[in-house]
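Welcome! Please take a moment to look over the sequence and the model, and then let us walk through them together.

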Amino acid sequence: MTATTGTDDGRDGWDDRDDRAELARLLPPATGFALPPGRHEHHRERLMHQIDHDTAAASAAPAKDRAPARPRLLRPSFLAPVTALALAGALVAGYSAQGGGQAPAQAGTGASAAERAGNAQPVALVLNRISDAAAKSDAGPVRDDQFVYVRSQVQDGDLTGGTLVTGPLAEREIWYAQKPGPQKKLGQIRQDGETSPINAELGDTDGTREGVNRPTYRWLAALPTDPQRLLDHLTALTPESDTQEHAQAVFDQIGHLIRETVLPPETAAALYKAAALIPGVTEAPGAVDAVGRKGVGIARVDARYSWRSEWVFDPETLAYLGSRTFLTADTEIGGKGALLSADAVVKRDVVDEAGVRPQD
C-alpha cells in the first residue's frame, strides 16, 4: 500500500482515512434506524446551527484565547443520520441492559389501567371514527408550485452526553416543497430564530424524488385507498431494521405522514384504517400532546426499544393534535416515562412561497 499524506500514527501506509474505512466496514449501515424522516433533517440542521454558533463564538473571542484555526465545516447531506445513529445505539444499549426479552412495562402517562387490562375500546372502532372524520375534510388540493406549511411546538431528546436530556418546548416552522421530480432543496425549516434550507436526502446527489421520504400532495393522492393494499405498500417502502420492529417503523412512518403533510381526504381516511391493521396498535385513553392538550389517543409500544409512540386527536373534531414518544422501562439512557420527543401542531396550511407564513 502506498503511504498517504494524512495524519500518520507511525504505521507505514496507514492513516486516518484507513481507520475511517475500517470503522465504516465494521459499523452497521446508517439506514438501519428508522427515525421518522422529518426528524433526520431537523436534527441535522440543529447540529449544524450549533457548529456555526461555536465557530462564530470562537471568532469573536480575543486572539490570545482562540483555539488553533481550522477549516469551517460545511453542511454536507451525509450528516443527516448522525443524531439518529447516536440515538439508536444508546437506545439499543439501554434495552439490552434490561434483558431485552422482557415485555416492556407501560409508562405511567398515556396508558390507563383499563387499557392495560385490555378493557379499552377496540382500536379499530376508534380509528374508523377518525377515518370517517378525515374523509369529510376539505384539505387540499395543493399545487406543485406551492409549499405545505406546518407550525408546531416541539420537544426533542438529546443524547449527546450519553444520558437522555429532554430539551425545552420550542416553536418550529417547516415549509415543504411540492415540486415533482428530483429536488436538491426540499423546503425550509425555522427554529430558535434561525432559518435553514432542507437539503436532499442522504445519497440523493441529483436530488430527492417525491416518495415516502418526500411525500408531496400529488404522491399522497396516488397512494392506494384500500387499507390493506395501502398498508402493504407502505410496509414495502419502509426499510427493515435490526434495531426496530418493522411494524413500529411502519406505524411511525404513518405518523410522520399524518403530522407533516396536507393529506388528500381519501388518503387520510385510508391511512387511519391501515394503522388499525398493524399488530400491537391500541387505544391510549388520557393521551396528551406536547402542550398538554388531552384527546383521543392511538399508541404502539416497540418492545425492542422499550418505547411508546402515541398520536393524539381532538376529542370533538378528531383532527390530529400531536404526538409523544417516551420510554416504557428503565434503561441506561433514562428512566421509565422519560420523554424522547413530543409535538403539537399549531397551524397547518398551504402557502405560495417558502419562508412566508400563512395569514391567520
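Is Ser306 buried or exposed? Ser306 is buried, because its relative accessible area is 2%, and buried means under 20%. Before we come back to this residue, keep in mind that everything described here belongs to a predicted model.

Let us begin with the chain as a whole. It has nine helices and 10 strands. Of its 360 residues, 47% are buried. If you take the contacts between residues at least 6 apart in sequence, 61% of them join residues at least 24 apart.

Now for the interior. The largest nonpolar core holds 43 residues, and those touching the most other members are Leu127, Ile130, Ile254, Tyr272, Ile298, Trp311 and Phe313. Helix H9, residues 265-275, gives this core its largest share, with six residues. To see how one member is surrounded, pick out Leu127: setting aside neighbours within four places in sequence, Leu127 is in contact with Tyr272, Ala275, Ala276, Val281 and Ile298. There is also a second, separate core of seven residues, with Leu164, Trp307, Ile333 and Leu340 among them.

Helix H9 is worth following a little further. Two packed helices are described by the angle between their axes and the distance between the axes. The axes of helix H7 (residues 227-237) and H9 come within 8 Å, with a crossing angle of roughly 80 degrees. Angles of 65 to 115 degrees count as roughly perpendicular, so H7 and H9 are roughly perpendicular to each other. On the H7 side of the contact you will find Pro227, Leu230, Leu231 and Leu234, and they meet Thr267, Ala270, Leu271, Lys273 and Ala274 in H9. Sorted by character, the residues of this contact are seven nonpolar, one polar and one charged.

Next, turn to the strands and find Glu173, which sits in strand S3, residues 170-177. Which side chains make polar contacts with the side chain of Glu173? One partner is the side chain of Tyr149, at 2.5 Å. Another is the side chain of Arg357, in a polar contact of 2.7 Å. Glu173 counts as buried, because its relative accessibility is 2%. Not counting residues up to four places away in sequence, Glu173 touches Tyr149, Val150, Arg151, Gln188, Ile189, Arg190 and Arg357.

Finally, let us visit some details of the backbone. Most residues other than glycine have a negative phi, and most peptide bonds are trans. Here, a cis peptide bond joins Gly140 and Pro141, with omega at about -5 degrees. Pro141 lies in the loop between helix H5 (123-135) and strand S1 (147-158).

Asp192 is not a glycine, yet its phi is positive, near 55 degrees. You can locate Asp192 in the loop between strand S4 (185-191) and strand S5 (194-199). With a relative accessible area of 52%, Asp192 is exposed, because exposed means over 50%.

That brings us back to Ser306, which has a positive phi of about 60 degrees although it is not a glycine. Ser306 is placed in the loop between strand S7 (296-302) and strand S8 (307-313). Try viewing these two loop residues in turn: Asp192 is exposed, whereas Ser306 is buried.

Key
Residues numbered from 1 in each chain as written. Predicted model: local features only at pLDDT ≥ 70, side-chain atom pairs only at ≥ 80, totals over all residues. Heavy atoms only, no water. Core = buried A, V, L, I, M, F, W, Y, C linked by side-chain atoms within 4.5 Å. Buried < 20%, exposed > 50% of the residue type's maximum accessible area, 1.4 Å probe, protein only. Helix = DSSP H or I, 4+ residues; strand = E, 2+ residues; numbered from the N terminus. Contact = heavy atoms within 4.5 Å. Axes fitted to C-alpha atoms, helices over the stretch in contact; angles between N-to-C directions. Parallel < 35°, antiparallel > 145°, perpendicular 65-115°, else oblique. Nonpolar A, V, L, I, M, F, W, Y, C, P; charged D, E, K, R; others polar. Polar contact = N/O pair within 3.5 Å; in protein donor to acceptor, adjacent residues only side chain to side chain.
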